[in-house]
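The exercises below are meant to be worked with the sequence and the coordinates open side by side. Each one sets a task and is followed by a solution in steps.

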Amino acid sequence: MMKGLKKWRLFSLLAVMTVFLSACGEEYISTLTPAGPVGQEQLNILLLATAIMTLVVVIVSVIYLLAFVKFRRSKVGENYMPKQVEGSHTLEVIWTVIPIILLLILSVPTLTATYKFANVAAMDEVDEEGNKTALTVNVTAKLYWWEFEYPDLGIITAQELVVPTGEKVYFNLIAADVKHSFWIPAVGGKMDTNVDNLNKFYLQFDKESEGLKDGVFYGKCAELCGPSHALMDFKVKTLEPAAFDAWVAAMKATEGNTADANSTNAGEAAFAKSCLGCHAVSGVSGAGVGPNLAAFGDRNRVAGFMDHTVEETTNWIVDPEFYKPGNLMTGKYNVSEEEAKAIAEYLMTLKVED
Ligand code: CUA
């Protein structure tokens with residue numbers, strides 16, 4: 001009985017591990033399938049470190065086993081005394097020099113890459129007309145969502161980062177409340193977002209996200225930040241440059257958009273009454289208390305992780321605390337379920353893409 005139970009436990013553990021590891025190698029989230037040079041170089045360092053560690057483990061294990069077999073008492077007899085090597089100069093040099101060499105092999109590429117990825121000098125470069133040549137995105141991490149502002153383009157969005165492929169995109173990273181960490185596993189990172197200081201780095205996205213499972217790369221918060229840390233997801237849409245420019249133009253065209261409390265659209269009227277105070281529907285507004293919703297209808301998820309449907313949006317509006325404990329939207333408004341559904345339907349119409 002006991003034996004059967006143990007086997008069953010081992011089996012369930014393996015089954016859970018299979019589920020857990022099944023995401024490994026998925027292009028939209030895996031560090032093992034990098035979609036840009038930063039991720040690729042980080043993976044190379046990871047592989048180099050793993051190779052060195054494996055080599056050390058194998059060599060040490062082999063020596064250990066050899067000693068184990070060769071010097072068995074039954075083989076060498078009761079009174080065998082092995083050669084005494086305490087204080088051996090040669091041996092001490094060997095086991096000091098080999099680790100130093102291994103550490104050098106590991107540290108040179110690691111340090112080189114670390115300094116390279118932190119080089120954000122191009123952020124300040126301008127062309128003859130004084131326009132910035134590189135794209136910069138200001139990322140603000142908040143409990144539990146992400147704001148993405150494009151300072152040189154005059155637009156702002158949330159939860160779904162949109163970037164062009166084939167060029168370096170520079171990030172200014174900061175947190176509004178507690179420490180979070182910005183991570184797009186398949187593309188590179190991660191980098192802490194702190195409250196007191198700006199962290200900067202760049203990433204390059206070489207693959208259009210359209211062909212991926214959900215049409216986006218997955219981004220995560222990688223720093224324990226509260227009860228809904230695990231739900232603090234965002235998505236990344238990568239577009240070829242012309243499509244990105246079209247998206248920027250469409251975002252700019254939302255300038256001045258607002259919701260009318262007297263609208264005949266019940267959802268818009270309810271939104272204007274209960275939500276507009278915190279959520280802008282124009283992508284040209286400044287930072288809001290809550291996520292900018294100008295492109296809500298284009299998004300891939302609701303609140304970062306729920307299905308992007310009217311039903312789930314309604315559920316979210318009715319009881320955000322149930323879905324994302326500790327979020328800052330809970331208790332800020334009072335809407336009926338009917339109003340929530342109308343608001344959800346209205347939000348789905350807020351689109352900038354075709
Ligand atoms: Cu934000 Cu974890």
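Helices (H or I, at least four residues) and strands (E, at least two) are DSSP runs, numbered from the N terminus. The model is predicted.

**Exercise 1.** Locate the residue that has a positive phi although it is not a glycine, and place it among the strands.

*Solution.* The backbone torsions lead to Gln 159, whose phi is positive at about 65 degrees although this residue is not a glycine. Turning to the strands, one finds Gln 159 in the loop between β3 and β4. The two strands span residues 155-158 and 160-164 respectively.

**Exercise 2.** Find the cis peptide bonds that join Leu 143 to Tyr 144 and Gly 189 to Lys 190, and state where the second residue of each pair lies.

*Solution.* For the pair Leu 143 and Tyr 144, omega is about -15 degrees, and the bond is cis. Tyr 144 belongs to the loop between β1 (135-142) and β2 (145-150). For the bond from Gly 189 to Lys 190, which is also cis, omega is near 0 degrees. Lys 190 sits in a strand, namely β7, which covers residues 188-193.

**Exercise 3.** Describe how helix α7 packs against helix α9, giving the geometry of the axes, the handedness and the residues in contact.

*Solution.* Two packed helices are described by the angle between their axes and the distance between the axes. Here the axes of α7 (residues 310-318) and α9 (residues 337-348) come within 8 Å, and they cross at roughly 130 degrees. Because of that angle, α7 is oblique to α9. The crossing of the two helices, α7 and α9, is right-handed. On the α7 side, the contact is made by Val 310, Thr 313, Thr 314, Ile 317 and Val 318, while the α9 side includes Ala 340, Ile 343, Ala 344, Leu 347 and Met 348 as well as Glu 337, Lys 341 and Glu 345. Sorted by class, the contact of α7 with α9 comprises eight nonpolar, two polar and three charged residues.

**Exercise 4.** Characterise the largest pocket and the second largest pocket by volume, lining and contributing elements.

*Solution.* The largest pocket holds about 580 Å³ of space. It is lined by 31 residues, of which His 279, Gly 290, Pro 291, Trp 316 and Met 329 are the closest to its centre. Two or more lining residues come from each of α6 (266-274), α7 and α9, and α7 gives the most, with three. By class, the lining of the largest pocket has 19 nonpolar, seven polar and five charged residues.

The second largest pocket holds about 490 Å³. Its lining has 13 residues, and the closest to its centre are Ile 59, Val 60, Ile 63, Trp 95 and Ile 98. The elements that give two or more residues to this lining are α2 (37-70) and α4 (89-117), with α2 giving the most, at seven residues. The lining of the second largest pocket has 13 nonpolar, no polar and no charged residues.

**Exercise 5.** Which residues line the largest cavity, and how do they divide by class?

*Solution.* The count comes to one cavity of 30 Å³ or more, and the volume of the largest cavity is about 50 Å³. Its lining consists of Thr 157, Ala 158, Glu 160, Val 162, Lys 237, Trp 247, Ala 295, Asp 298, Arg 299 and Glu 353. Strands β3 and β4 each supply at least two of these residues. By class, the lining of the largest cavity has four nonpolar, one polar and five charged residues.

Definitions and conventions
Residues numbered from 1 in each chain as written. Predicted model: local features only at pLDDT ≥ 70, side-chain atom pairs only at ≥ 80, totals over all residues. Heavy atoms only, no water. Axes fitted to C-alpha atoms, helices over the stretch in contact; angles between N-to-C directions. Parallel < 35°, antiparallel > 145°, perpendicular 65-115°, else oblique. Left-handed = near helix turned anticlockwise from the far one by under 90°. Contact = heavy atoms within 4.5 Å. Nonpolar A, V, L, I, M, F, W, Y, C, P; charged D, E, K, R; others polar. 1 Å grid on protein atoms, 1.4 Å probe; cavity = no way out; pocket = protein on both sides within 12 Å on 5 of 7 lines; lining within 4 Å. Points joined across faces, edges and corners; volume = space filled by probe spheres on them.
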